[in-house]
Amino acid sequence: MHNDLRECDHIWLNARIASMDPAVDKEYGYLENYALGTKDGLIHALVPMPEVSELSSSIPSTDLHRQWITPGLIDPHTHLVFAGNRANEFEQRLQGVDYQTIAKQGGGIQATVKATRELCEAKLYGLAKQRLQSWLQEGVTTIEIKSGYGLTLADELKQLRVARQLAKELPIRVKTTLLAAHALPPEYQHDADGYIDFVCNTIIPAAVNQGLVDAVDVFCETVGFSKAQSQRVLSTAEQFGLSVKIHAEQLSNQQGAAMAAALGALSADHLEYLDEKGVKAMHAAGTVAILLPGAFYFLHEKQLPPIELLRKYRVPIALASDFNPGTSPLASLQLMLNMACTLFRLTPAEALAGVTRHAAQALGIADECGMIKAGMKADFCCWGIDHPAELAYMVGTHPLRSRILGGQVVSA
């Protein structure tokens, strides 16, 4: 750990730090009464306050008066870029109309696909920018954004361009994921294999050539794509040097998580129907389990993810909002912390690790983000709370005092 604050370009004094570094302790990585110094966008020094010598007045400093510092929060699974909404379907379902009937009426994911295709890129960007303010206000410094509501070459690339533009225009880091294998588009309703050919041979190469994509995802499910089709998509992605992820075991056990783990997937997401074999495969591969309590809640699911098995085999557990118009229209990562504790019985420390250290691992950036540690990116938040557990305990109280990205205060 560096201890020379004289080399820093900014210093935060009198902080209580939840570093989320397991080398410090197994829960919050608690550092009491510390100074944190940044240099060139990185965390440079962590020094106990009693060891802080007199500082040069030329170094800018901020006295936090015992505010808590945590790593910047990370949401590793969202579908942020889309048009329209499906509040009418929400109302229909509450009146007893089943999903199949809604889909036949042109609803479901196809309704979002139609609306997204019809909207121009500039308006799609405007909607996404407005939504993203919720994440900024809650202390999120990195967010993953998937495509998957275009299902044509032009419209999938349009979604990815919007995601890239958000990172350029707003103070947040964005990782983009191509989810063209999200659902069958109307043009391929009776030719799933033909659509997978199109995804592998046309969409993935184009996204790579235009520098729009960091990872590829696929919805492996009875209502999505088969394990074999999913494997083809992910294998193609790897041939292009992309990281891979999978929506798996949400509604049934298709053994998708184990398949993706065998390919070295960064994460397998949802996982309500994951079995012990799949958990073992994820452990062996270092694949992160991303749990999505918002979708579990919104769909009124009963089958819980296998939390105890994930703990037993030490599979890292990340949390995400899964923000989307159909199954998790909940734009609050802090709400997910609470739901993970109340619905899935995670501890508040596990939940906070799930949106910091483990979320970074799920995006392949664990060496850069997710902990307060010398050498990591200076992405962190200052909170007006008495204990980090409050971030999972209380929702809607706006405890964020400042959000720092690359050593710069970007919102307060």
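Contact here means heavy atoms within 4.5 Å. The model on screen is predicted.

**The annotated domain**

Start by selecting residues 68–386. The UniProt record, an unreviewed entry, places the feature "domain: Amidohydrolase-related" there. Over this stretch the chain is 45% helix and 15% strand. Put a marker on the C-alpha atoms at its two ends, which are 8 Å apart.

**The sheet**

Next, colour strands 6 to 13. They form an open sheet of eight strands, in the order 6-7-8-9-10-11-12-13, and the pairing is parallel. Which strands stand at the edges? Select residues 73–75 for strand 6 and 317–319 for strand 13: these are the edge strands. Each has a single partner strand, so one side of each has no neighbour in the sheet. Looking from one strand to the next, the twist averages 25°.

Stay at the strand 6 edge and add residues 140–146, which are strand 7. Strand 6 and strand 7 pair in the parallel sense over three bridges. Show Asp75 and look across to strand 7, where Ile143 stands opposite.

**A helix across the sheet**

Select helix 5, residues 153–169, together with strand 8, residues 173–181. Helix 5 lies across strand 7 and strand 8, and runs at about 170° to strand 8.

**Two helices side by side**

Now select helix 6 (residues 192–209) and helix 7 (residues 227–239). Their axes are 10 Å apart and they pack at an angle of about 10°. Angles under 35 degrees count as roughly parallel, and helix 6 and helix 7 are therefore roughly parallel to each other.

Show the side chains where the two helices meet. On helix 6 the residues include Ala192, Ile196, Val199 and Ile204; on helix 7 they include Gln229, Arg232 and Val233. How many residues of this contact are nonpolar, polar and charged? The contact of helix 6 with helix 7 divides into seven nonpolar, three polar and three charged residues.

**An aromatic pair**

The structure holds 11 aromatic pairs. For one of them, select Phe82 and Phe323: the pair is tilted, with 5.8 Å centre to centre and 40° between the planes. Phe82 lies in the loop between strand 6 and helix 1 (87–94). Phe323 lies in the loop between strand 13 and helix 12 (333–344), so the pair ties together parts that are 241 residues apart in sequence.

Definitions and conventions
Residues numbered from 1 in each chain as written. Predicted model: local features only at pLDDT ≥ 70, side-chain atom pairs only at ≥ 80, totals over all residues. Heavy atoms only, no water. UniProt positions renumbered as here; feature names shortened; annotations may be inferred. Helix = DSSP H or I, 4+ residues; strand = E, 2+ residues; numbered from the N terminus. Pairing = 2+ DSSP bridges. Axes fitted to C-alpha atoms, helices over the stretch in contact; angles between N-to-C directions. Parallel < 35°, antiparallel > 145°, perpendicular 65-115°, else oblique. Nonpolar A, V, L, I, M, F, W, Y, C, P; charged D, E, K, R; others polar. Phe/Tyr/Trp six-rings, centres within 6.5 Å; stacked < 30°, edge-to-face > 60°.
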